[in-house]
Amino acid sequence: MDIDTRIRRRERLQDDRRLVVDYQALSPVAHVEEPPGRGPVLERVLDHLDPVFEGRKPPDGALWGPPGSGKSAVVTALFDRLRIRTEQSQSVVHTTTRAQSPDAPAFVYLDTRAASSRFQLYHDTLAALTDESVPEHGVSTEQLQSRLRSRLGRYSSAVVAVDHVGEPQTLSAAEVREQFEPFGSQLSLLTISRSPPDAWPVETIEIPGYGQQVLIDVLMTRSSEGLTSDAFTHRQARTLASWASGNAHDALAALFGAADAAAAENRDQLTEADLQAGMDHVPERCVSLGWVLTLPENRQLVLYELLQLPDAAGRSVTEITDALADRPAIDLSAGTIRRFLYELAEDGIVERVETERKHDQGRPPSRIEPRFPTRVFERLYEIQN
DNA sequence: GATCCACGGGAATACACGGATG
DNA sequence: CATCCGTGTATTCCCGTGGATC
């Protein structure tokens with residue numbers, strides 16, 4: 001055996017020991033097939049949907065609970081399964097030549113973070129119900145409405161789950177309901193929100209935050225999918241779970257950040273310092289990562305490049321704007337970048353913090369602080385782009 | 001030609017402060 | 001002392017334009 005081979009063998013050994021990170025498996029916004037510990041909630045949602053299985057339209061409903069309690073996880077997992085079942089039964093219909101009465105229900109999941117206009121709501125609903133692509137331009141909202149109407153006619157009933165309603169920057173439940181008014185007889189809505197729905201007559205399902213044990217379970221399950229075995233201990237999961245106090249989003253974001261810190265140092269296990277780094281990268285009053293990742297492309301670019309600026313933390317909005325405008329990756333005017341930054345601050349994705357004045361005169365500038373899990377965003381952004 | 005939406009640009013407004021004014 | 005004014009900077013608001021797509 002020659003020396004090179006011996007060295008390569010050592011290198012490979014090192015590689016094998018190295019922490020493997022499947023970032024998607026650790027992502028707080030990943031869709032999972034079986035959300036752990038949410039069986040009772042699944043049952044209640046299924047109870048609510050019961051009429052569907054007899055071909056009737058269920059009443060409108062509302063699922064609500066605190067951030068990071070698995071609302072999106074439950075609904076996406078459930079609707080995914082239901083949709084697959086529908087598609088299977090529909091394809092049976094398609095293969096028969098005889099025209100049949102529609103007997104299968106439709107299940108649609110919408111995110112109001114991505115769909116904020118009537119056009120987008122109809123578009124996304126229609127897109128979920130058709131294989132063909134639905135035009136995003138050149139067609140009026142009214143045309144989409146009539147296309148959607150006739151499409152809905154092919155199902156016995158339809159349930160549209162509308163996620164993230166009533167957040168500061170999204171449509172309220174009432175607004176969503178109003179936009180879908182024309183389809184009142186054809187579909188029912190299941191809104192998903194952080195606070196209980198006000199007023200309209202619906203069946204309400206409350207989802208509590210995760211208990212400590214279940215959250216530890218969630219972390220262990222995800223780490224077993226995303227990391228090499230033994231990289232993350234039960235004791236560490238306990239630490240993260242208690243730090244996150246029931247919020248799975250924050251706990252997973254911290255785990256993700258910790259894994260990334262360990263990977264950067266070529267470690268095969270998470271240390272306490274990694275854990276701390278992971279938690280430090282999840283700011284207090286943290287905005288959901290899902291919100292950041294559904295922003296238009298150029299805004300995400302601005303955020304990403306902002307995080308790449310070495311000394312962004314100490315600089316004013318104006319200075320940051322100029323620095324970003326100089327970045328080759330960004331092809332936007334300084335004015336637009338500045339407007340983006342102010343808009344992102346308005347949305348709470350970053351925060352403007354007043355600083356002491358730098359000039360003798362004029363209004364004092366403010367600096368920018370991210371309000372989302374930065375490390376997670378950076379990795380996921382890099383994977384996406 | 002229609003349609004939606006992101007950009008760009010700029011006008012309008014807010015804020016902080018020192019100095020002038022009543 | 002309270003208020004107003006001018007100046008300079010920060011922030012918000014608004015709308016026309018053009019790209020992309022049908």
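Which helix gives the most to the surface near DNA strand C? I looked this up first and found α15, with 3 residues. A residue is near the strand if one of its heavy atoms lies within 4 Å of it. Helices are DSSP runs of H or I with at least four residues, and strands are runs of E with at least two, numbered from the N terminus.

I noted what I was looking at: this is a predicted model, where local features need pLDDT of at least 70, side-chain atom pairs count only at pLDDT 80 or more, and totals for chains, interfaces and linings use all residues. Residues are numbered from 1 along each chain, chains are lettered from A and ligands numbered from 1 in the order written, and side-chain values use heavy atoms, without hydrogens and water.

**DNA strand C**

I counted 16 residues around DNA strand C, with Tyr342, Arg352, Gly362, Arg363 and Ser366 the closest. Of the strand's atoms within 4 Å of the protein, 71% belong to sugar or phosphate. I then looked up distances from side-chain N or O atoms to a phosphate oxygen of DNA strand C. For Arg352 the distance is 2.5 Å, and for Thr318 it is 3.4 Å. A polar side-chain atom of Ser366 lies 2.4 Å from a phosphate oxygen of this strand.

**Largest pocket**

I looked up the largest pocket next (an open set of points on a 1 Å grid over the protein atoms alone, where a 1.4 Å probe fits, with protein on both sides within 12 Å along at least five of seven lines; lining residues have an atom within 4 Å of a point). Its lining has 46 residues, and Pro28, Val29, His31, Ser72 and Ala73 lie nearest the centre.

Methods
Polar contact = N/O pair within 3.5 Å; in protein donor to acceptor, adjacent residues only side chain to side chain.
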